[in-house]
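Subject: Structure for you to look at

Hello,

I am passing on the structure we spoke about, with the sequence alongside. Please open it first; my notes on what was found follow below.

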Amino acid sequence: MTHRDNQLRLDGLAMHYLWAVEAGDLDAMDALWAQAATDPDLSNALTEIDAELAAEDDRSAAAAVVGLLAEHLPSAEVVRPAAGPVTVAEVADHLRRHPPRGLTADELAVNDRLRAAADPLPDDLGLPGVVSWGRRYGPAPEAYWKAFRDAAVLLTLRRESADSYQMAARPARPRPKGDRP
Amino acid sequence: MPPDISSPPAAADPIRAALADPAVLARMAAAAGVYFHNRMAHRPATERAEQVKVAVNNAAVLALDRAGRYDPAAGDVVDWLAGFARNAARDIARTYHRRAGRAGPCPNLDELPSAGDRPPVDAEWVAALLARLSPLARDIVRSKHVDGQTHEEIGRRVGLSTAAVRTRLSRAMETLRAAAADGEVRP
């Protein structure tokens with residue numbers, strides 16, 4: 001049997017196993033595990049499926065907790081590992097959790113619209129640049145864009161600082177002895 | 001202090017050592033968890049997690065009790081313990097009712113029930129069904145059932161593990177089967 005033939009055989013058995021898992025057919029699951037007792041490839045395939053389903057459960061449980069937090073404790077901040085450039089949505093989220101004094105209800109409504117925008121921030125974070133760039137998201141008073149710009153600068157600095165920390169935390173490669181001064 | 005060699009190591013030692021390893025416990029929990037997928041689907045996730053914990057605990061107690069029967073030559077201790085976890089989970093899962101839904105063998109694209117008098121395979125109808133899937137799921141279904149790729153080949157191409165391709169394909173086929181059976185999709 002070629003490797004491909006074996007893979008096709010395992011594909012069929014794996015789908016049958018998943019079908020049995022979702023259907024709650026415990027006898028069918030047991031029958032496949034009994035077959036796997038003398039078939040290491042099948043045993044590996046079923047073990048990997050178990051691990052994948054467990055990981056999915058963990059991911060959905062974590063998502064459910066984050067969803068409940070957002071629903072019942074809107075002031076809570078879920079700290080996620082920083083990745084990529086700061087987005088408009090992240091700045092708007094920050095403003096929602098830490099609204100500066102004097103921000104009106106209308107301005108917060110504008111802010112809520114921006115919480116769905118995954119666009120990156122503009123390169124120019126000067127106030128005139130941000131006001132002109134922000135027009136694409138609809139009308140908003142300059143006071144809002146000033147608060148947005150301040151939050152954007154803060155989050156960008158934090159992200160850059162976190163990136164530098166990660167770089168510094170990487171283990172240094174040992175230098176060859178001849179390199180030492 | 002020199003090691004005590006006056007008595008042979010207890011039979012439970014390799015079992016105890018394995019049970020002290022979080023990775024082994026995670027493997028046992030994963031082995032047990034699948035038995036609750038259907039039967040506790042409508043229960044809170046915390047209750048399901050609790051039953052997984054009970055199953056792993058029962059399995060550990062039984063494994064220690066039967067440690068003398070473990071034969072390293074017959075297989076890895078982790079596989080042996082995972083077997084206990086499966087048995088314990090099955091015993092608990094049987095006390096829950098099976099949720100109605102899927103029945104019969106895993107379907108293939110050309111085995112989907114036809115709508116009315118339509119022949120089993122109708123290109124337009126299948127296209128309309130496929131449109132209900134996410135782009136990734138559609139790609140996986142096409143690669144498997146149209147291009148004939150293996151799950152391993154698909155995984156390499158889309159950057160997923162073989163097991164992840166399998167779980168996604170299984171769900172996609174269930175979505176297609178349900179849509180076809182309900183007659184929701186018509187060309």
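Between chain B and chain A, 17 residue pairs are in polar contact, both residues of each pair being at pLDDT 80 or more. Please keep in mind that this is a predicted model.

The chain B side of the interface draws on several helices. Those that give two or more residues to the side touching chain A are α2 (22-33), α4 (77-93), α7 (151-158) and α8 (162-182) of chain B. Of these, α8(B) gives the most, with 10 residues. By type, the residues on this side of chain B divide into 17 charged, 12 nonpolar and 10 polar.

As for the extent of the interface, 39 residues of chain B are in contact with 32 residues of chain A. The size of an interface is often given as the accessible area lost when the parts come together. Here the area buried between chain B and chain A is about 3,200 Å², and carbon and sulfur atoms give 55% of that.

There are also 9 salt bridges between chain B and chain A. R94(B) and D27(A) meet through their side chains in a salt bridge, at 2.9 Å from N to O.

Next, the interior. The largest nonpolar core has 63 residues, and those with the most contacts inside it are Y17(A) and M29(A) from chain A, together with I15(B), M28(B), Y35(B), L81(B) and V141(B) from chain B. Helix α4(B) gives the most to this core, with 9 residues. Another core lies apart from it and has 23 residues, among them W133(A), Y137(A), W145(A) and L155(A).

M28(B) is worth a look in the viewer. Leaving aside residues up to four places away in sequence, M28(B) touches L19(B), V56(B), A59(B), A60(B), L81(B), A82(B) and A85(B).

One more residue to find is N87(B), which lies in helix α4 of chain B. Is N87(B) buried or partly exposed? N87(B) counts as partly exposed because its relative accessibility is 37%, and the partly exposed class runs between 20% and 50%. The side chain of N87(B) makes a polar contact with the side chain of R90(B), at 3.2 Å. N87(B) and A31(B) are 56 residues apart in sequence, while their C-alpha atoms are 9.5 Å apart in space.

Regards

Notes:
Residues are numbered from 1 along each chain as its sequence is written. Chains are lettered from A and ligands numbered from 1 in the order in which they are written. This is a predicted model: local features need pLDDT of at least 70, side-chain atom pairs count only at pLDDT 80 or more; totals for chains, interfaces and linings use all residues. Side-chain values use heavy atoms; hydrogens and water are left out. Contact means heavy atoms within 4.5 Å. Buried area is the accessible area (1.4 Å probe) that two parts lose on being put together, summed over both. A salt bridge is a side-chain nitrogen of Lys or Arg within 4 Å of a carboxyl oxygen of Asp or Glu. A polar contact is a pair of N or O atoms within 3.5 Å; within protein, one must be able to donate a hydrogen and the other to accept it, and residues adjacent in sequence count only if both atoms are side-chain atoms. Helices (H or I, at least four residues) and strands (E, at least two) are DSSP runs, numbered from the N terminus. Ala, Val, Leu, Ile, Met, Phe, Trp, Tyr, Cys and Pro count as nonpolar, Asp, Glu, Lys and Arg as charged, and the others, Gly among them, as polar. Buried means under 20% relative accessible area, exposed over 50%, partly exposed in between (1.4 Å probe, protein chains only). A nonpolar core is a set of buried Ala, Val, Leu, Ile, Met, Phe, Trp, Tyr and Cys residues joined through side-chain atoms within 4.5 Å.
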